[in-house]
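Got the structure open in your viewer? Here is a short tour, one selection at a time.

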Amino acid sequence: MSIFDAHCDVLCKMLMDSNIQFQNDHNLQVNMNELINSAIKVQCFAIYVPEAVHPDLKFHAALRMIDLFYERIIKPNPRLKLVKSKEDIKNLKLNEVGALLTLEGCDAICKDIVKLQTLLRLGVASVGLTWNYRNCVADGVLEESAGGLSQFGKQVLGVLNERNIWCDVSHLAEKGFWDVMEYGQFPIASHSNCYSVCKHPRNLKDEQIKALIDRNSVIGITFVADFLSGSSTATIDDILRHLDYICSLGGEFHVGFGSDFDGTDHIVTGIEKASKYENLIHALSSYYSQTQLDRFMFQNFASRLPI
Ligand SMILES: [Zn+2]
């Protein structure tokens, strides 16, 4: 069994604390040791620039995280390979793990398309348009009276379409979501759950889930307790409820996982770190076949990379 994990925030933790070592640091839920001891075959690493960073310094912070990614994550670990395409994943050897670089929110590019192009050239293969608030591209889910994509936002989406890059709708407000459904060619939701199961603004309504399924997209169920159960604790059973619900809407081929390891203090009991994915696989195997599990854990995301 292989796992494709569509979201973690290791880079942000490493940016905030330069003492953190990727190899074996107990402060990290995803580190090299954890990856080796788990079935994770592809791990997405998000570039999330903290809200507190001054707008003028956000692009530089994104570059610093990309530098950390190459210098402190990829370079010291020959078993870890940058992946950007289905072909890259296919070429991974048995003991190799793929690392996919993603952008969480376009705040770092401000209103400069050259900055976006630069991040893509540096290896970013998936772009989330917003975090929870407004930026030059669109409005996030926590923005009151949130609007859709700006003119610049549509330009950004055009670049993503043209360059075969995932457009990640997690964190994006509803109006923007529907704009992406209309204009975006490769939408995904890397780490979002179901609103019908847990009424949290970060979760997706039924119509949104159905639209993603219709667009042959994929939704990564996330292990953030607040989005699973509405409280600061959650269990594997809560994950099952969300997974089941997406399947009941016709999503068996359109659901995966985006843990949000290292991005939340409220993680699911029993899946406290990457190596504990095993507990989830074990629980799911009572309800789903190996073929279905393989879809959820790996294929649904891996097979939908645009290139
Ligand atoms: Zn997030």
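Start by selecting strand E4 and look at its two sides: Val97, Ala99, Leu101 and Leu103 on one, Gly98, Leu100, Thr102 and Glu104 on the other, all of them buried. Buried here means under 20% relative accessible area, exposed means over 50%, and partly exposed is in between, with a 1.4 Å probe and protein chains only. Names such as E4 come from DSSP runs: helices (H or I, at least four residues) and strands (E, at least two), numbered from the N terminus. Why do the side chains fall on two sides? In a regular strand they alternate between the two faces of the sheet. With eight of its eight residues buried, E4 is largely enclosed by the rest of the structure.

A word on what you are looking at: this is a predicted model, in which local features need pLDDT of at least 70 and side-chain atom pairs count only at pLDDT 80 or more, while totals for chains, interfaces and linings use all residues. Residues are numbered from 1 along each chain as its sequence is written, and side-chain values use heavy atoms, with hydrogens and water left out.

**The zinc ion**

Stay at Glu104 and bring up the zinc ion. Which protein residues donate to it? They are Glu104 (OE), His171 (NE2) and His191 (NE2), at 2.0 to 2.2 Å from the ion. Donors are N, O and S atoms within 2.8 Å of the metal (3.2 Å for Na, K and Ca), and sites may look incomplete because water is not among the atoms. Along the sequence, the donor spacing reads E-x66-H-x19-H. Glu104 sits in strand E4 (residues 97-104) and His171 in the loop between strand E6 (166-168) and helix H7 (174-183), so this pair ties together parts that are 67 residues apart in sequence. Glu104 and His171 are both buried.

**The neighbours of E4**

Now add strand E2 (residues 40-47), which pairs with E4 in the parallel sense over six bridges. To count as paired, two strands need at least two bridges between them by DSSP. Click on Ala46 and you'll find its bridge partner in E4, Thr102.

Next, show strand E3 (residues 80-82), which runs parallel to E4 and is joined to it by three bridges. Here Leu80 stands opposite Val97.

Then pick strand E5 (residues 124-128), parallel to E4 and joined to it by four bridges. Two places to zoom in on are Thr102 opposite Ser126 and Glu104, whose bridge partner in E5 is Gly128. To get from E4 to E5, follow the chain through helix H5 (residues 113-121); this β-α-β crossover is right-handed. That term means that, with the strands pointing away from the viewer, the path from the first strand over the helix to the second runs clockwise.

**On to E5 and E6**

Keep E5 selected: five of its five residues are buried, so E5 too is largely enclosed by the rest of the structure. E5 and E6 pair in the parallel sense over three bridges, with Ser126 opposite Trp166 in E6. Add helix H6 (residues 151-162), and you have another right-handed β-α-β unit, made of E5, H6 and E6.

In the loop between H6 and E6, select Asn164. Its phi is positive, about 60°, although Asn164 is not a glycine. Asn164 is partly exposed, with a relative accessible area of 27%.

**A few side trips**

Jump to Asp262, in the loop between strand E9 (255-257) and helix H11 (277-284). Asp262 also has a positive phi, near 65°, in a residue other than glycine. Is Asp262 buried or exposed? At 6% relative accessibility, Asp262 counts as buried.

Back in strand E2, select Lys41. Lys41 is buried yet has no salt bridge, that is, no side-chain nitrogen of Lys or Arg within 4 Å of a carboxyl oxygen of Asp or Glu. The nearest side chain of opposite charge, Glu96, is 6.5 Å away; Lys and Arg count as positive and Asp and Glu as negative, with His and the chain ends not counted. Now look at the backbone of Glu96: its oxygen lies 2.7 Å from a polar atom of the Lys41 side chain.

Finish at Lys199, in the loop between strand E7 (187-188) and helix H8 (206-214). Lys199 is exposed, with a relative accessible area of 62%.

Terms used
Polar contact = N/O pair within 3.5 Å; in protein donor to acceptor, adjacent residues only side chain to side chain.
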